[in-house]
Amino acid sequence: MSCDLALTKNMQFYKIKSSLDDNLLSEVLDQAVSNKELGADFILDIYRDIRSINNLEYKVTIKVFPTERRVYFLKDIDLKDRIFAYVVLIELKNYLIVMSKSCANFSQILNKNFDLVLTQELSKLFGKNVEFQKLSLRNMTISDKAIRNRSYEAVNLKGTLSTHAAGRSIPSHIKVRDGSHLKSISSTGRVVESSSRQSLEEMVTWMHEQIKLLETASSNEFLNLFARKV
């Protein structure tokens, strides 16, 4: 079957520690598709297909498959919703970019074998003139009497939000406006940018642009005022 995906910019970036061999990738895929409907075939099954766009070489792995979710609002009848899930893995330079929907949870094996790109480094994806529209913070405290989580929203929090004691708070979710685009990053390493659905080639071109920023840009000055994970 031809690859004609229409995807949104919602993904996680992982750094490949040393090498990515077939055994490790197979383990990741086995975990991701472990909720596949019993006896069903894959709708789309592509494994480490080497492709190039504008002299940029990358490998793509895609699994699209049916899965079932139990219907819980009817107690006495065993019904299941049949939905379609996917996992898309892009090997680009020394990064593994992960996109998935409705597949089994496979974050544990990813976090064990790859280095997740976290919030402070992801802030390099923000331009200098972005408007910080939402910021969720977790306080570095173990006290039962302290407020542990706070969330702020404004047209632009930069210059509005007091950064007093910012060094004792860790950003967990950030949403910005960068020109006509809305972008967000989270403590789980997820990057989301509002856009229409795009082809796989368009997505890979965008991923390459983000990787260049991760490798060359400096972290955002405003976010540098806050604490970071160690």
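The following legends describe views of a predicted protein model.

**View 1. The whole protein and its elements.** The protein contains 4 helices and 11 strands. Measured out along the principal axes, its C-alpha atoms fill a box of roughly 60 × 55 × 35 Å. Of the 230 residues in the protein, 42% are buried. Among contacts with a separation of 6 or more, 67% join residues 24 or more positions apart.

**View 2. The surface and charges of the protein.** The exposed area of the protein is about 13200 Å², and 47% of this area comes from carbon and sulfur atoms. The side chains include 33 positive and 27 negative ones. Between the centres of these two sets there is a distance of 9 Å.

**View 3. Asn54 (N54) in the loop between strand 2 and strand 3.** The loop that holds N54 connects strand 2 (44-53) with strand 3 (56-70). The phi angle of N54 is near 55°, which is a positive value in a residue other than glycine. N54 has a relative accessibility of 70%; because this value is over 50%, N54 counts as exposed.

**View 4. Lys93 (K93) in the loop between strand 4 and strand 5.** K93 is found in the loop between strand 4 (80-92) and strand 5 (95-101). Although K93 is not a glycine, its phi is positive, at about 55°. The relative accessible area of K93 is 48%; because this value lies between 20% and 50%, K93 is described as partly exposed.

Conventions. Residues numbered from 1 in each chain as written. Predicted model: local features only at pLDDT ≥ 70, side-chain atom pairs only at ≥ 80, totals over all residues. Heavy atoms only, no water. Helix = DSSP H or I, 4+ residues; strand = E, 2+ residues; numbered from the N terminus. Buried < 20%, exposed > 50% of the residue type's maximum accessible area, 1.4 Å probe, protein only. Contact = heavy atoms within 4.5 Å. Areas by Shrake-Rupley, 256 points an atom, 1.4 Å probe, with all protein chains shown as cover. Lys, Arg positive; Asp, Glu negative; His and termini not counted. Charge placed at Lys NZ, Arg CZ, Asp CG, Glu CD.
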